[in-house]
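Hi,

Here is the structure I promised to pass on. Have a look at it first, then read my notes below.

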Amino acid sequence: MNVYLRTHVAAAPAEVWEGFTRELFLALAPPFPPFKLLRFDGCRRGDEVHLELGAGPLRQRWTSLITDHGITADGTYYFVDEGDQLPAPLRYWQHRHLLQPAPGGGTYIVEDLEYRSGSPLLDRLLWPAVWAQFARRRPIYRRWFGLPAAE
């Protein structure tokens, strides 16, 4: 399944790229399930992010590897994280982060992700929750990087 969200912010792509820090990662964390950040290297190829989700006997690990990052010819900054160790029921996770220059100024922060559980039915049932987890990032991005002048 795919989820695609785009948020316009006031800051330029280079400033947004520099702002993708451990502190922003923690600010973006959803309220549920409970999680603990075990490791955050950054957003460059070769970096890793390790989480522990849940509590008690229901704890599960999530390890993502940053498999690519760069800047395209049009000035879009990007990085890609891929699930290496995923919590059940996920079997595949790829999340592309694009920081595109917006025509009127600022940046479009694009969340482009693909996930699979191994069951197309379960993938569809999970979609609203996955979408909601990422849609809640929009006001956080705007607090960190500013509201665009016009949308």
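To start you off at the tail of the chain: where is Ala-149 found? Ala-149 sits in the segment after H4. Before you go further, keep in mind that this is a predicted model. Ala-149 counts as exposed, because its relative accessibility is 89% and the cut-off for exposed is over 50%. Its C-alpha atom is 37 Å from that of Leu-125, although the two residues are 24 apart along the chain. Just after H4 you will also find Gly-146, with a positive phi of about 90 degrees.

Now compare that with a pair from elsewhere. Asn-2 and Leu-113 are 111 residues apart in sequence, yet their C-alpha atoms are 5.6 Å apart in space. Asn-2 belongs to strand S1, which covers residues 2–9. Leaving out residues up to four places away in sequence, Asn-2 touches Leu-113, Glu-114 and Trp-127.

Next, the sheet. In what order do the seven strands of the open sheet come? Reading across, you get S1-S7-S6-S5-S4-S3-S2, and the pairing is antiparallel. S1 and S2 (35–40) are at the edges with a single partner strand each, so one side of each has no neighbour in the sheet. From one strand to the next, the twist averages 20 degrees. If pairing is new to you, strands of a sheet are held to each other through backbone hydrogen bonds, either parallel or antiparallel.

A good pair to zoom in on is S6 (residues 92–101) with S7 (residues 107–116), which are antiparallel and joined over 10 bridges. Within that pair, His-97 is opposite Glu-111 in S7. Helix H3 (residues 120–135) packs on the sheet, where it touches S1, S6 and S7, and its direction makes about 155 degrees with that of S7. Helix H4 (residues 137–145) also lies across S1, S6 and S7, but this helix runs at about 30 degrees to S1.

H4 deserves a closer look. Which residues in H4 are buried? They are Arg-137, Ile-140, Tyr-141 and Phe-145. These residues are on the same side of H4, because they cover an arc of only 110 degrees around the axis. The general idea is that an α-helix has 3.6 residues a turn, so residues three or four places apart point the same way. The cover over the buried residues of H4 includes S1, helix H1 (13–19), helix H2 (22–28), S6, S7 and H3.

Two of those H4 residues turn up again in the largest nonpolar core, which has 32 residues: Tyr-141 and Phe-145 join Val-16, Phe-20, Trp-93 and Ile-109 as the ones that touch the most other members. Apart from this core lies another, of five residues, including Tyr-78, Ala-102, Tyr-108 and Val-110. Back in the largest core, try clicking on Val-16: beyond its neighbours within four places in sequence, Val-16 is in contact with Val-9, Ala-11, Leu-99, Thr-107, Ile-109 and Phe-145.

Last topic: charged pairs. How many salt bridges does a search of the whole structure find? There are eight. Here are some to look up:

- Asp-68 and Arg-45 meet through their side chains at 2.5 Å, N to O. Asp-68 is in strand S4 (residues 60–71) and Arg-45 is in the loop between S2 and strand S3 (48–53), so this pair ties together parts 23 residues apart in sequence. Asp-68 counts as partly exposed at 25% relative accessibility, and Arg-45 counts as partly exposed at 47%.
- Arg-137 and Glu-111 form a salt bridge at 3.2 Å, N to O. This pair links distant parts of the chain, with Arg-137 in H4 and Glu-111 in S7, 26 residues apart. Arg-137 is buried, with a relative accessible area of 12%, and Glu-111 counts as buried at 3% relative accessibility.
- Arg-39, Asp-41 and Glu-48 are joined into one network by salt bridges that share partners.
- Glu-52 and Arg-61 meet in a salt bridge at 3.9 Å, N to O. Glu-52 counts as buried at 17% relative accessibility, whereas Arg-61 counts as partly exposed at 40%.

Happy exploring!

Definitions and conventions. Residues numbered from 1 in each chain as written. Predicted model: local features only at pLDDT ≥ 70, side-chain atom pairs only at ≥ 80, totals over all residues. Heavy atoms only, no water. Core = buried A, V, L, I, M, F, W, Y, C linked by side-chain atoms within 4.5 Å. Buried < 20%, exposed > 50% of the residue type's maximum accessible area, 1.4 Å probe, protein only. Contact = heavy atoms within 4.5 Å. Helix = DSSP H or I, 4+ residues; strand = E, 2+ residues; numbered from the N terminus. Pairing = 2+ DSSP bridges. Axes fitted to C-alpha atoms, helices over the stretch in contact; angles between N-to-C directions. Salt bridge = Lys/Arg side-chain N within 4 Å of Asp/Glu carboxyl O. Arc of directions from axis to C-beta.
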